[in-house]
Amino acid sequence: MKNLNHLFIKNTTWLFTGILSLFGFSCSDSNDPYDNPVEYGSPHAYFRIKGKVVNETDQEALSNIQVEIRYDARQQDPASAIYYRDTIRTDIHGEFQWDTHKITL
């Protein structure tokens with residue numbers, strides 16, 4: 001009985017190990033490949049882009065102007081697949097603000 005119990009536990013352990021290695025497991029429920037959990041000690045930063053759009057001739061603020069923000073990591077590293085693009089609009093005073101914590105790279 002003792003050998004049978006030991007054999008059962010040993011085989012069950014191998015079976016579960018095989019299933020986990022075959023199917024794999026994830027530490028995140030996101031399907032985004034760039035949504036990696038930040039490990040302790042990993043450097044990270046948030047940036048804020050602010051600006052004001054004015055008319056060139058009389059320096060008057062322009063409202064509801066489309067501002068396009070692009071980030072393309074392929075310029076520094078051709079093997080990188082990180083490309084991000086966002087569009088925001090200026091307010092009635094011609095000002096805009098965009099925070100990088102809205103994206104995950």
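## Report on a predicted protein model

The protein has one helix and four strands. The structure is a predicted model. Along the sequence, these elements follow the pattern α-β-β-β-β.

The protein contains 105 residues, of which 12% count as buried. Its exposed surface amounts to about 9,500 Å², and carbon and sulfur atoms supply 55% of that area. Considering contacts between residues at least 6 apart in sequence, 46% join residues at least 24 apart.

### The nonpolar core

The largest nonpolar core comprises five residues: Val-67, Ile-69, Ile-88, Phe-96 and Trp-98. Strand S2 (66-72) and strand S4 are the elements that give two or more residues to this core. One member of the core, Ile-88, can be examined through its neighbours. When residues within four places in sequence are left aside, Ile-88 is in contact with Ile-65, Gln-66, Val-67, Ile-69, Phe-96, Gln-97 and Trp-98. Strand S3 spans residues 83-89, and the loop between this strand and S4 holds Asp-91.

### Two aspartate residues

The table sets out the surroundings of Asp-99 and Asp-91.

| Residue | Location | Relative accessible area | Side-chain approach |
|---|---|---|---|
| Asp-99 | strand S4 (residues 95-99) | 11% | Arg-48 side chain, 2.7 Å |
| Asp-91 | loop between strand S3 (83-89) and S4 | 33% | Glu-95 backbone nitrogen, 2.8 Å |

Is Asp-99 buried or exposed? Asp-99 counts as buried because its relative accessible area of 11% falls under the 20% limit that defines a buried residue. Asp-99 belongs to strand S4, and its side chain forms a polar contact of 2.7 Å with the side chain of Arg-48. Apart from residues up to four places away in sequence, Asp-99 touches Phe-47 as well as Arg-48.

Asp-91 has a relative accessibility of 33%, and it is therefore classed as partly exposed, since that category lies between the limits of 20% and 50%. Which residues does Asp-91 contact, leaving aside its neighbours within four places in sequence? They are Leu-62, Ser-63 and Asn-64. A further pair concerns Asp-91 and Ala-61, which are separated by 30 residues in sequence, while their C-alpha atoms are 9.5 Å apart in space. The side chain of Asp-91 also reaches the backbone nitrogen of Glu-95, at 2.8 Å. Glu-95 falls within the range of strand S4, residues 95-99, where Asp-99 also lies.

Technical notes:
Residues numbered from 1 in each chain as written. Predicted model: local features only at pLDDT ≥ 70, side-chain atom pairs only at ≥ 80, totals over all residues. Heavy atoms only, no water. Buried < 20%, exposed > 50% of the residue type's maximum accessible area, 1.4 Å probe, protein only. Polar contact = N/O pair within 3.5 Å; in protein donor to acceptor, adjacent residues only side chain to side chain. Contact = heavy atoms within 4.5 Å. Areas by Shrake-Rupley, 256 points an atom, 1.4 Å probe, with all protein chains shown as cover. Core = buried A, V, L, I, M, F, W, Y, C linked by side-chain atoms within 4.5 Å.
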